[in-house]
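Here are a few notes to help you find your way around this one. Have the viewer open and click along as you read.

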Amino acid sequence: MGERIGFIGLGIMGRPMAGHVLDAGFTVTVWNRTRSKTTPLVERGAAAAASPREVAAASDITITMVADTPDVLDVILGPQGVAHGVRPGSVVVDMSTISPAATREVARRLAERGAEMLDAPVSGGEKGAIDGTLSIMVGGKPEVFERVLPVFQKMGRQIVHLGESGAGQVTKACNQLVLSLTLLGVAEALTLARKAGVDPAKVRAALLGGFAQSRVLELHGQRMLDRNFAPGFRTRLYHKDMGIVTETGRSVGMPLLGGSLAAQLYQVAMNQGLGEMDYSVLARVVAGLGGTES
Ligand code: NAP
C-alpha cells in the first residue's frame, strides 16, 4: 500500500491498533519505550526503529499512542523525537488523550517543519481497540483528515472530523465529563439502594428499562455489583483525563461544577491507592462516603 505508517506506543491500546494497520497490508515501523513490546508486531512483519525520530524518518504518517501530555511532548518534541525525523508533507497523528492546548502547540511546532498534525483521541476502551471498533474524534485540516481516513478505518468504526487542531481533544474531554458524572450517579444510586434496604441488582435491572438507561449503568453498574474492578481503563489515566477536563473548562471560563466534583473524587481514589484499578472503582469511594462497602 502507498502510505508508510509509523506507530509509537504499544500499550493496552496501541498494540492492537497497530496490529490492525499491519493486518491491512500497510508497511509499518514501530517503536516502544519498553522495547520487548515490539516483538509480537515484528514477528508479524513490522520493522522496529531505534527511536521515535527514526520511525518518523521511515514513515509518511506517524501515529503516537502514549499515556499523558508530557509523554507526547517527549516522543514528538524531545531530543530523539518525531519532529527531528519528519519530512515536509508528512503527517503526525496523536491518538493519545492529552490537553487541547498542548496539542495545538505541538501542531504549531510540527508546522514549522512542514509537517501536518491531527489530534485523534479515541473512545471504546481495550475491547474497541482489539475489535477495531473505536470511536475516533479528529481535529485538524479536513484534507489531512481525508488522507488519513483509510488508516483510521482499520482501527475504528465511528470516525468524526470535528474541526481544527484541538477539536478532537476537546470532544474527548466532553466525553469524559459525561462519563464521569454518569458513573457517579450510578454509584450513588446503587449505594443508596443498598443502604435503604433494596437489592441494588434489582434497582439496576429496573432502571435499565427506563429513562435512566445507559451503557454506564449496564456495564459499569454490573461491575459495581460484582465488585470487579480489574482494568479496563485505569483510574490513573481517568484521573489524568479529569485534569484535562477541568483545565479545558478553566481555559475558556466555563465553570464545570459537576466535572470538578468528579475530578475531586478521582483524586480521593488515587490517594486511596486505587490508581491501577478500573475507573468504575469510583463506586468504592462513594460507598466509603456512605460508611458502607460497594
Ligand atoms: P498504557 O497501556 O499504559 O500504555 C501507555 C504507552 O505509552 C506504553 O506504550 C508506554 O511505554 C508509552 N509511554 C508512556 N510514557 C512514555 C514516555 N514518556 N515516552 C515513551 N513512551 C511512553 O495506556 P493505554 O491504555 O494504552 O492508553 C494510551 C492512551 O489512550 C492514553 O492517553 C489513554 O488515556 C487513552 N485511552 C485509553 C483507553 C483505555 O481503555 N485503556 C481508552 C481510551 C483512550 P512502556 O511500554 O515503555 O510503558
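The points below cover the ligand first and the enclosed cavities after that.

1. Before anything else, keep in mind that this is a predicted model.

2. Start with the ligand. It has 25 residues around it, and the closest ones are Asn32, Thr34, Lys37, Ala67 and Lys240. That gives you five handy places to click when you want to centre the view on the site.

3. Where does the ligand lie with respect to domain 1 and domain 2? Domain 1 (4–164) and domain 2 (170–289) both contribute residues to the shell, so the ligand lies between them.

4. Next, look at the polar atoms facing the ligand's oxygens. Lysine 240 places a polar side-chain atom 2.7 Å from a ligand oxygen. With threonine 97 it is a polar backbone atom that comes into play, 3.0 Å from an oxygen of the ligand. Leucine 10 also uses its backbone, with an N or O atom 3.2 Å from a ligand oxygen. As for cover, the ligand on its own would expose 900 Å², and the protein buries 91% of that.

5. Which helices help to build the shell? Helix 4 (69–77), helix 6 (125–131) and helix 11 (235–251) each bring at least two residues to it. Helix 4 gives the most, with three. By class, the shell has 11 nonpolar residues, seven polar and seven charged.

6. Now for the enclosed spaces. Searching the whole structure turns up two cavities of 30 Å³ or more. The largest holds about 50 Å³ of space, and its lining is made by Ala187, Leu190, Thr191, Arg194, Pro200, Met224, Leu225, Ala283 and Ser294. Helix 8 (167–195) and helix 10 (215–226) are the elements that give two or more residues to that lining. Helix 8 gives the most, with four residues. The lining comprises six nonpolar residues, two polar and one charged.

7. The second largest cavity has a volume of about 40 Å³. Among the residues lining it are Gln169, Lys172, Asp241 and Val245. Thr97 is also part of this lining, and you have already met threonine 97 through its backbone atom 3.0 Å from a ligand oxygen. Helix 8 and helix 11 each supply at least two lining residues here, and the largest share, four residues, comes from helix 8. Sorted by class, this lining has four nonpolar, three polar and two charged residues.

Technical notes:
Residues are numbered from 1 along each chain as its sequence is written. This is a predicted model: local features need pLDDT of at least 70, side-chain atom pairs count only at pLDDT 80 or more; totals for chains, interfaces and linings use all residues. Side-chain values use heavy atoms; hydrogens and water are left out. A residue is near a molecule or strand if one of its heavy atoms lies within 4 Å of it. A polar contact is a pair of N or O atoms within 3.5 Å; within protein, one must be able to donate a hydrogen and the other to accept it, and residues adjacent in sequence count only if both atoms are side-chain atoms. Accessible areas come from the Shrake-Rupley method with a 1.4 Å probe; for residues, only the protein chains shown count as cover. Ala, Val, Leu, Ile, Met, Phe, Trp, Tyr, Cys and Pro count as nonpolar, Asp, Glu, Lys and Arg as charged, and the others, Gly among them, as polar. Domain bounds come from an automatic or database domain assignment. On a 1 Å grid over the protein atoms alone, a cavity is a set of points where a 1.4 Å probe fits but cannot get out, and a pocket is an open set with protein on both sides within 12 Å along at least five of seven lines; lining residues have an atom within 4 Å of a point. Grid points are joined across faces, edges and corners, and a volume is the space filled by probe spheres set on the points.
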